[in-house]
Amino acid sequence: MTDSSASVPVDVDDRQAIEHLLGRPLRGTWPTGALAPGSRVTVVRAPDWDGPWQAEFPGTIDAMGAPEPNEHAQALSGELVYWVIFDAPQYDCDGDGPYRKAQIWDRYLGAEPEPEA
């Protein structure tokens with residue numbers, strides 16, 4: 001495991017706010033094989049339910065905190081959750097938002113399509 005977030009800027013105010021809410025520091029050590037900070041992704045909708053977001057949209061893996069194991073009861077084995085900053089504010093499937101950044105489960109992250117020539 002390495003801390004590969006040093007080359008990507010971090011919003012210190014966001015990090016401090018999240019750490020205050022969690023009551024613990026965010027992890028800084030990036031797991032081996034995880035998407036790197038700064039990676040472009042598409043946040044995708046679930047194939048089996050109407051969520052977790054109202055639409056699919058592009059974003060960037062944020063260096064604010066390293067990916068962490070997904071400890072939810074419905075998590076897949078070895079699934080990670082990533083901090084993703086959105087290109088434009090988004091609403092979740094319940095209509096809450098707009099959000100500019102969120103933790104996204106690994107299964108809802110796809111590679112961003114290559115731009116057409």
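The paragraphs below lead through one helix, a nonpolar core and the aromatic rings of this structure.

This is a predicted model, in which local features need pLDDT of at least 70 and side-chain atom pairs count only at pLDDT 80 or more, while totals for chains, interfaces and linings use all residues. Residues are numbered from 1 along each chain as its sequence is written, and side-chain values use heavy atoms, with hydrogens and water left out.

A good place to begin is helix α1, which spans residues 12–22; helices (H or I, at least four residues) and strands (E, at least two) are DSSP runs numbered from the N terminus. Within α1, Asp 14, Ile 18 and Glu 19 are buried, where buried means under 20% relative accessible area, exposed means over 50%, and partly exposed lies in between, with a 1.4 Å probe and protein chains only. These buried residues lie on the same side of α1 because they cover an arc of only 125° around the axis, the arc being that of the directions from the helix axis to the C-beta atoms. On the other side of α1, Asp 13 and His 20 are exposed. The cover over the buried residues of α1 includes β4 and β5, and after the helix comes Gly 23, whose phi is positive, near 75°.

The next stop is the largest nonpolar core, which has 18 residues; such a core is a set of buried Ala, Val, Leu, Ile, Met, Phe, Trp, Tyr and Cys residues joined through side-chain atoms within 4.5 Å. Val 43, Val 84, Phe 86, Ile 104 and Leu 109 touch the most other members of this core. Strands β1, β2, β4 and β5 (99–105) each supply at least two of its residues, and the largest share, 4 residues, comes from β4. Leaving aside residues up to four places away in sequence, Leu 109 touches several residues, including Leu 35, Val 41, Ile 61 and Tyr 82, where contact means heavy atoms within 4.5 Å.

Which residues form one aromatic cluster? The cluster consists of Trp 53, Phe 57, Phe 86 and Tyr 99. The structure holds 5 aromatic pairs; rings of Phe, Tyr and Trp (its six-membered ring) pair if their centres lie within 6.5 Å, and planes under 30 degrees apart count as stacked, over 60 as edge-to-face and the rest as tilted. Trp 53 and Phe 86 form an edge-to-face pair, 5.2 Å centre to centre with 80° between the planes. This pair links distant parts of the chain, 33 residues apart, with Trp 53 in the loop between β1 and β2 and Phe 86 in strand β4. Trp 53 counts as buried because its relative accessibility is 8%, and Phe 86 counts as buried at 7%.
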